Each structure stands twice: as C-alpha cells, then as structure tokens.
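Reader: Hey, I've got a protein open on my screen and I'm not sure where to begin. Can you walk me through it?

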Amino acid sequence: MEKKAEDKPAPAPVSSTASEGLSVIGKTLFVKGEVEAAEDMLVEGRVEGSIKHTASQLTIGVSGVVNADIDAKNLVIEGTVEGNIVGAESVVIKDSADVRGNVYTARISIADGAQFSGTVDMDISKSPKH
C-alpha cells in the first residue's frame with residue numbers, strides 16, 4: 001500500500017528557546033578561562049575562571065558546577081557556584097543550589113533548602129570589578 005503525503009508525520013516542533021538563541025555548556029564540557037556571552041545561556045557542565053553575561057538570563061543548571069566570578073543581568077542558580085556574583089537586575093537561588101560567595105544585586109530570592117554561604121549587598125554600586 002502506498003503512503004499518501006498526509007500520512008507523513010509532522011516535523012517535530014522547534015523549541016522556542018532554541019530559536020531565541022540559547023547557548024548551552026553541556027554536562028560533559030569543562031571550560032577554563034573567561035566565558036563571555038551575549039545570548040541566554042544554560043550551564044550544565046563545569047566552568048572555572050569568570051563569566052560575563054550580557055543577555056537576559058544566565059542559568060546554572062542542577063548539574064552545573066561553577067568556580068568563577070559571575071557578572072550577569074539575571075542569574076538563576078540551581079547547581080553549585082563558588083565565587084563573587086553580580087546580578088545587575090536579579091539573582092534567584094533555587095532549593096537545589098549550593099552557593100559560596102558574595103552576591104551583589106538589586107533583587108534576590110533564596111529558596112528554602114538552598115545552601116548559601118556569603119554576604120548579600122543590594123547596593124549594586126559596591127560590586128567588585130571583574
């Protein structure tokens with residue numbers, strides 16, 4: 001029996017985040033040095049050094065391990081971060097996060113169950129220069 005064109009499966013939908021330009025540092029990647037990004041980024045691997053992020057949102061995923069100073073507009077942390085954090089607009093520390101370092105941001109949210117050791121300064125002008 002011959003298949004008709006309408007019997008073909010529809011193409012898989014494209015993720016909206018993929019079409020908007022999401023960079024991913026995958027679970028098996030290790031980056032050492034300076035990371036700079038101007039598009040939304042998800043870190044699931046390891047980063048050592050520094051991260052300067054100028055797009056809307058930087059997310060450190062559950063499996064992400066970052067030993068770096070971070071400078072971002074909006075930062076969501078679900079994994080492990082050790083280093084100074086500057087969140088120009090906001091920092092969200094989820095319940096799965098383990099954060100060790102000082103946070104400089106205008107707005108912060110720390111979920112119940114999150115591990116946090118450091119200081120929070122909501123005067124962004126006092127943030128260290130990276």
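**Talking through the model**

Author: Sure. One spot to begin with is Asn74, which sits in strand E6. Keep in mind that this is a predicted model.

Reader: Okay, is Asn74 buried or exposed?

Author: Asn74 is buried, because its relative accessible area is 13% and the cut-off for buried is under 20%.

Reader: And what does the side chain of Asn74 make polar contacts with?

Author: One partner is the side chain of Glu89, at 3.1 Å. The side chain of Ser90 is another, with a polar contact of 2.8 Å.

Reader: Which residues does Asn74 touch, if I skip those up to four places away in sequence?

Author: Asn74 touches Ser56, Gln57 and Leu58, plus Glu89 and Ser90.

Reader: Let's zoom out. How many helices and strands are in the protein?

Author: The protein has 1 helix and 13 strands. Going from the N terminus, the α element comes before the β elements.

Reader: How much of the protein is buried?

Author: Buried residues are 32% of the 130 residues. As for the outside, the protein exposes about 7,800 Å², and 49% of that comes from carbon and sulfur atoms.

Reader: What about the largest nonpolar core, how many residues does it have?

Author: That core has 23 residues, and Leu58, Val66 and Ile77 have the most contacts inside it. Several strands supply at least two residues each, including E2 (30-37), E4 (46-53) and E8 (85-93).

Reader: Which strand gives the most to this core?

Author: E6 does, with 6 residues.

Reader: You mentioned Val66. What is Val66 in contact with, leaving aside neighbours within four places in sequence?

Author: Val66 is in contact with Val43, Val47, Ile51 and Ile60, and also with Thr80, Val81 and Glu82.

Reader: Switching to the surface: which residues form a nonpolar patch there?

Author: Ile110, Val120 and Met122 do, and together they have about 250 Å² of accessible area.

Reader: Where is Val120 placed?

Author: Val120 is in strand E13, which covers residues 120-121.

Reader: Why do we call Val120 partly exposed?

Author: Because its relative accessible area is 35%, and partly exposed lies between the cut-offs of 20% and 50%.

Reader: Last one: among contacts between residues at least 6 apart in sequence, how many join residues at least 24 apart?

Author: In this protein, 6% of those contacts do.

Key. Residues numbered from 1 in each chain as written. Predicted model: local features only at pLDDT ≥ 70, side-chain atom pairs only at ≥ 80, totals over all residues. Heavy atoms only, no water. Core = buried A, V, L, I, M, F, W, Y, C linked by side-chain atoms within 4.5 Å. Buried < 20%, exposed > 50% of the residue type's maximum accessible area, 1.4 Å probe, protein only. Helix = DSSP H or I, 4+ residues; strand = E, 2+ residues; numbered from the N terminus. Contact = heavy atoms within 4.5 Å. Polar contact = N/O pair within 3.5 Å; in protein donor to acceptor, adjacent residues only side chain to side chain. Patch = residues over 30% accessible without salt bridge, like charges linked within 9 Å, V, L, I, M, F, W, Y side chains within 5 Å. Areas by Shrake-Rupley, 256 points an atom, 1.4 Å probe, with all protein chains shown as cover. Salt bridge = Lys/Arg side-chain N within 4 Å of Asp/Glu carboxyl O.
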